[in-house]
Amino acid sequence: MNFLPLLDKLEKTQALTDAELGGLLEDTSPRLASELALRARAVRERIYGRAVYIRGLIEFTNYCRNNCYYCGIRRDNLKALRYRLTPEEILACCAAGYRLGFRTFVLQGGEDAYFTDKRLEGLLRAIKKSYPDCAITLSLGERSRDSYARLFEAGADRYLLRHETADEGHYRHLHPGEMSLRHRLQCLRDLQAIGYQTGCGMMVGSPGQTTEHLIKDLRLLQELQPEMAGIGPFIPQHDTPFAMQPSGTAAGTLKLLSLIRLLLPNVLLPATTALGTIDPQGREKGLLAGANVLMTNLSPVAVRKKYALYDNKICMKEDAAQILDRLNKQVEATGYRIVRNRGDYPG
Ligand code: 5AD
C-alpha cells in the first residue's frame, strides 16, 4: 500500500481514521517499519535530542493478590518463590543506583497487601530524604484514590499502570472476573487528577489480541495523553495458563513504538526488557524506532530470578554496574547517549 500520505497525516497530528490506522498496523512490510522508525526518530530527536534516560528498577515484592493469566507472579502460581525486600534493602538498592548515576528509582511490585500506605509512606519519605534530587516512580497496580494521593504526598512523582488492553472483551480474556477494565481506567484517571506523571501501556501480541484491539489501545493513549507509555511484547511464562501461547514479535513491538512516538511526540517511551528478551538487539532497535528510556534492574541479584513475569528474562545475573556498562556501549552504537538526570516529561 502507499502509506506515505498516511504517515504525513499522522505526523501533522491530523486524525487518522480507524481504517487507516488498521492499515498501518496490518502492513508488515519492512519498508513501512523503516519509514515509521525514521520519522519517529526525527520526532524524538526534535524533543529529546540524542539523550537516553535511564531508570533504576527495584522489584521489591513479588507477592500479588491478582491472578492475571499472563503473569508469572500471579496468585495461583504456587511455584513462584515469594520475597519482599526490607526498607533497608530497598534503600541499599537506591544507594548503589545513585552512585551509578540513576536519578529515577522505579519501585515495582505485585499487589501486595503487606505494603500498606503507612509502610510505603515511610519508605518514600526515607528515599526522598536521602535523595531529594531523584524522582520516584511507583508501579504497584490498582489502589484507592486516597492511597494514590497519600503516596503522592509522601514523595512519589510518577506512576506506571499499564492498562493492558483497552478492549472490554480482550480484558476479560487476559484477566479473571474479579478485575475490570473500568476500574483500571478509573485508577489511571485518579492518578492523573492527583498530579502524577502517569504511564499506561499494553503488551504486544498478547493472546487473543487483534488489530481492532490495538487501534483501541492507540485511541486510549490519544485520549489519556499519558506522560509515559510502557509497551513490550507478550512472552509466555511456563507456570501460567498462557504457557503455550506464542510470544509477540519484536517487529510488531517496534512498529507500535514508532506509531506511539508519532501520536504522542513528547511521551517517555522505554525500550523494555521484554523487547530485549525476545531479540538480543531489541533495546537498541527500540531506541532507533522512537524509544528514549531504558530501565535497569537495581534489585539484588539474589532475588532477580524470582521476579519472573515471563520466561528467559535478560539481565538476571549481572549487577547494575555491569548492566549499565553494557547498555552504555549498546546505546553509543546507536549514536545516542545515556544521560544522568531525572529525565522528566518536557513541559
Ligand atoms: N509477558 C510480557 N509482559 C508481561 N507483563 C506481565 N506478564 C507479562 C508477560 N508474560 C507486563 C504487564 C505488566 C508489567 C509489569 O509486565 O504488562 O503491566
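Colleague: What makes you say that Lys9 forms a salt bridge with Glu20?

Modeller: This is a predicted model, and in it the closest N and O atoms of Lys9 and Glu20 are 2.9 Å apart. A salt bridge requires a side-chain nitrogen of Lys or Arg within 4 Å of a carboxyl oxygen of Asp or Glu, so a pair at 2.9 Å qualifies. Lys9 lies in helix H1 (residues 4-11) and Glu20 in helix H2 (residues 18-26), so the salt bridge ties together parts that are eleven residues apart in sequence.

Colleague: Why is Lys9 called partly exposed?

Modeller: The relative accessible area of Lys9 is 24%, and since buried means under 20% and exposed means over 50%, that value falls in between.

Colleague: How do you know that the side chains of Asp239 and Lys79 meet in a salt bridge?

Modeller: Their N to O distance is 3.5 Å, which again is within the 4 Å limit, so the pair counts. Asp239 sits in the loop between E6 and helix H10 (250-263), while Lys79 sits in the loop between strand E1 (51-61) and helix H4 (87-100), and the pair therefore ties together parts that are 160 residues apart in sequence. With a relative accessible area of 23%, Asp239 is partly exposed, whereas Lys79, at 62%, is exposed.

Colleague: Which residues are linked with Arg342 and Asp344 in a network of salt bridges?

Modeller: The network also takes in Lys128, Asp157 and Arg158. Within it, Asp344 and Arg342 form a salt bridge whose closest N and O atoms are 2.8 Å apart. Asp344 has a relative accessible area of 27% and Arg342 one of 24%, so each is partly exposed by the limits of 20% and 50%. A search of the whole structure finds 28 salt bridges.

Colleague: Why is Glu227 said to have no salt bridge?

Modeller: The nearest side chain of opposite charge, Arg158, is 8.6 Å away from Glu227, and because a salt bridge must be within 4 Å, that pair does not count. Glu227 is buried, in the loop between helix H9 (211-224) and strand E6 (228-233). A polar atom of the Glu227 side chain does lie 2.8 Å from the backbone nitrogen of Thr198. Among the residues that Glu227 touches, beyond its sequence neighbours up to four places away, are Tyr196, Gln197 and Tyr345.

Colleague: What makes Leu10 a buried residue?

Modeller: Leu10 has a relative accessible area of 2%, and because the cut-off for buried is under 20%, the label applies. Leu10 lies in helix H1, and, leaving aside neighbours within four places in sequence, its contacts include Leu16, Leu24 and Leu259.

Colleague: How do you know that a backbone N or O atom of Ile235 makes a polar contact with a nitrogen atom of the ligand?

Modeller: The two atoms are 2.7 Å apart, and a polar contact needs N or O atoms within 3.5 Å, so the Ile235 pair qualifies. A side-chain N or O atom of Arg162 lies 2.9 Å from an oxygen atom of the ligand, and a backbone N or O atom of Leu309 lies 3.5 Å from a ligand nitrogen. The protein covers 86% of the 400 Å² of accessible area that the ligand has on its own. The residues around the ligand also include Tyr70, Cys71 and Phe234.

Notes:
Residues are numbered from 1 along each chain as its sequence is written. This is a predicted model: local features need pLDDT of at least 70, side-chain atom pairs count only at pLDDT 80 or more; totals for chains, interfaces and linings use all residues. Side-chain values use heavy atoms; hydrogens and water are left out. Helices (H or I, at least four residues) and strands (E, at least two) are DSSP runs, numbered from the N terminus. Buried means under 20% relative accessible area, exposed over 50%, partly exposed in between (1.4 Å probe, protein chains only). Lys and Arg count as positive and Asp and Glu as negative; His and the chain ends are not counted. A polar contact is a pair of N or O atoms within 3.5 Å; within protein, one must be able to donate a hydrogen and the other to accept it, and residues adjacent in sequence count only if both atoms are side-chain atoms. Contact means heavy atoms within 4.5 Å. A residue is near a molecule or strand if one of its heavy atoms lies within 4 Å of it. Accessible areas come from the Shrake-Rupley method with a 1.4 Å probe; for residues, only the protein chains shown count as cover.
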